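Trainee: I have a new model open. Can we go through why its labels are what they are?

Mentor: Yes. Ask away.

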Amino acid sequence: MQADVALAPELSTSSFPFNRVPGDANILIFPDLQSANIAYKLMGQLGEVETIGPILLGMKKPVYVLSHNSSVTE
């Protein structure tokens, strides 16, 4: 499923009628890091969403990675 279908109920319902949460995706999976970073930054700037991530796993505890221009609250 592509991002526009995952986020738009009318597209999701027509393309995937068996979908239990049409247009209400809260997790997006990308094929590579570059694509994920582009979408993450766009959604954070253009959408009315709170972005969380990137998060590194595999250590004793998850680690949140901060950007160079992060604020104190981030």
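Trainee: Where is Tyr64 found?

Mentor: Tyr64 sits in strand E2, residues 63-64. Keep in mind that this model is predicted.

Trainee: Why is Tyr64 called partly exposed?

Mentor: Its relative accessible area is 35%. Buried means under 20%, and exposed means over 50%. The value for Tyr64 falls in between, so Tyr64 is partly exposed.

Trainee: What makes Leu57 exposed?

Mentor: Leu57 has a relative accessible area of 68%. The cut-off is over 50%, so Leu57 counts as exposed. Leu57 lies in the loop between strand E1 (55-56) and E2.

Trainee: Which residues form the nonpolar patch on the surface?

Mentor: Ile52, Ile55, Leu57, Tyr64 and Leu66. Together they have about 540 Å² of accessible area. A patch residue needs over 30% relative accessible area. Tyr64 has 35%, so it meets that cut-off. Leu57, at 68%, meets it too.

Trainee: How many aromatic pairs does the structure hold?

Mentor: One. Phe16 and Phe18 form it.

Trainee: How do you know that Phe16 and Phe18 form a pair?

Mentor: Their rings are 5.7 Å apart, centre to centre. Rings pair if their centres lie within 6.5 Å, so these two qualify.

Trainee: And why is the pair called edge-to-face?

Mentor: The planes are 85 degrees apart. Over 60 counts as edge-to-face, so the label fits.

Trainee: Why is Phe18 called exposed, but Phe16 partly exposed?

Mentor: Phe18 has 66% relative accessibility, over the 50% cut-off, so it is exposed. Phe16 has 25%, between 20% and 50%, so it is partly exposed.

Notes. Residues are numbered from 1 along each chain as its sequence is written. This is a predicted model: local features need pLDDT of at least 70, side-chain atom pairs count only at pLDDT 80 or more; totals for chains, interfaces and linings use all residues. Side-chain values use heavy atoms; hydrogens and water are left out. Rings of Phe, Tyr and Trp (its six-membered ring) pair if their centres lie within 6.5 Å; planes under 30 degrees apart count as stacked, over 60 as edge-to-face and the rest as tilted. Buried means under 20% relative accessible area, exposed over 50%, partly exposed in between (1.4 Å probe, protein chains only). Patches are made of residues with over 30% relative accessible area and no salt bridge: like charges are joined within 9 Å, nonpolar side chains (Val, Leu, Ile, Met, Phe, Trp, Tyr) within 5 Å. Accessible areas come from the Shrake-Rupley method with a 1.4 Å probe; for residues, only the protein chains shown count as cover. A salt bridge is a side-chain nitrogen of Lys or Arg within 4 Å of a carboxyl oxygen of Asp or Glu. Helices (H or I, at least four residues) and strands (E, at least two) are DSSP runs, numbered from the N terminus.
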